[in-house]
There are 2 protein chains.
Amino acid sequence: MLSSNQIKHIQSLRMKKFRDQHGLFMAEGDKIVRELLGGPLEVDMLCALPEWISRWRAQIPKELTCHEVDQKTLGRLSTSQSPNQALAVVRQPAYELPSSFDKKDLILLLDTIQDPGNLGSIIRTADWFGIRHVLCSHNTADIYNPKVIQATMGSFIRTKVYYTDLARVMREHKGQMFFYGTFIDGKNVFDTAVRLPAAIVIGNESRGITEEIARFVDQRIGIPSGSHTDISGAESLNAGIAAGIMMACFRHMTG
Amino acid sequence: MLSSNQIKHIQSLRMKKFRDQHGLFMAEGDKIVRELLGGPLEVDMLCALPEWISRWRAQIPKELTCHEVDQKTLGRLSTSQSPNQALAVVRQPAYELPSSFDKKDLILLLDTIQDPGNLGSIIRTADWFGIRHVLCSHNTADIYNPKVIQATMGSFIRTKVYYTDLARVMREHKGQMFFYGTFIDGKNVFDTAVRLPAAIVIGNESRGITEEIARFVDQRIGIPSGSHTDISGAESLNAGIAAGIMMACFRHMTG
């Protein structure tokens, strides 16, 4: 049984202030929690339905605090509209930004991505393409926001996400890493000869890449629209979609 | 001033049942409403802040019912967390499915896309790439759901979205149009010679393309992951991202 204080503690992790204070976050759902149990992140506490616990007992480490909860309590803890069997409280990993990158590395730089769904989907896509490092500006949405965690579909477990001063990182790695910035009027990415190690820079949903970051971009790239048709179309692509197309092209061109 | 019945009427449009009953839907936000005023869709009613109406009076047709509302009333009508100046009630267009397609046509077939955000973002991306026809299975999310409308960022105005029996359409156009189905283990789209007229088929977020539809697919295509790296990655891409990458590749190859 969870005490009402424990319930409040878990609920408080919906807010960044308390996530940072405790160094914890929550992740939920049968599949994600099972992935967590076998993964590299430290699970602090588990809350699950009795039948889920019986079924997966062999996977649950003995030393892990594991609370049986009923459907109603799970609903109170959950941020999901359809709470799904299990919920974990996880310790925020302390990743240290590498001082140098591999010759074949492809990384992402996110400059002020604000929509949690976009951030989650970008991390999931990065994971699909084997991109291990995602560097975010300090004003990018919080990876530990429950909406971001859910949208990553478990990819937060494998992808290293850092919050850092992007301009400083770009200045420090200038010349060693090639910085490709995504711009609406950038050079067609399909016609761009890409070289590694590379970083793809994705800008804010409505304002794009900030001027401070744009100064360090080596090559401006873009995704041509179908405006050869006679009808004018959308003004822009969603930032998550643009990031996905860029990653697919880079992976194709650098094998 | 809006009567409480008018307010209830507009609020009822959040539900598909009432949208279908009235043949109407709502769209909101300064930019989208201004695009609507100059566009092909029939606006049934406009509700906006007094300052918005003064500013855009020249664009508002004289015969259009236009209600001044205060911020509080706009908040009651809106489904957005930050209601933005204006809201329109729009008549659902009655598009008739073309009996044949142009030689250079590229269209989309959506087989049970369920997430409103995904559907909206797919329509926005289609619009960017000049794709004019999006055919949805009957159990795909409703284009007139306010979340879908907002996610399209105005692209619902230009893109023709149909709800139809996809298997029947595919059977009827077999041989005249090439059907490319997106599968996790499909042939690398970057290595596929693409021919028009073509349809890209996108399947459900978790179950993919249904068997009934898969039978009519001419070529199974996919997006290779970065699994050449030593660490296993995400199991799949988000359906909106996968659709975006497919559209970008097809536009590039058939330019």
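Which residue is the bridge partner of Val43(B) in E4(B)? I will come to that after a few words on conventions.

This is a predicted model, in which local features need pLDDT of at least 70, side-chain atom pairs count only at pLDDT 80 or more, and totals for chains, interfaces and linings use all residues. Residues are numbered from 1 along each chain as its sequence is written, while chains are lettered from A and ligands numbered from 1 in the order in which they are written.

Now to the question: the partner of Val43(B) in E4(B) is Val90(B). Strand E4 of chain B covers residues 86–91 (strands being DSSP runs of E, at least two residues, and helices runs of H or I, at least four, numbered from the N terminus). Five of its six residues are buried, that is, with 20 or more other C-beta atoms, placed from the backbone, within 10 Å of their own. Strand E2, residues 43–48 of chain B, runs antiparallel to E4(B) and is joined to it by five bridges, where pairing requires that DSSP find at least two bridges. Strand E1, residues 24–28 of chain B, is likewise antiparallel to E4(B), again with five bridges, and in E4(B) Glu28(B) has Leu87(B) as its bridge partner.

Turning to the contact between the chains, 30 residues come from chain B and 30 residues from chain A, counting residues whose C-beta atoms, placed from the backbone, lie within 7 Å. On the side of chain B, helix H6 (116–128) and helix H10 (239–254) are the elements that give two or more residues, and H10(B) provides the largest share, seven residues.

Methods: Two residues are in contact if their C-beta atoms, placed from the backbone, lie within 7 Å. A residue is buried if 20 or more other C-beta atoms lie within 10 Å of its own, exposed if 12 or fewer, and partly exposed in between; C-beta atoms are placed from the backbone.
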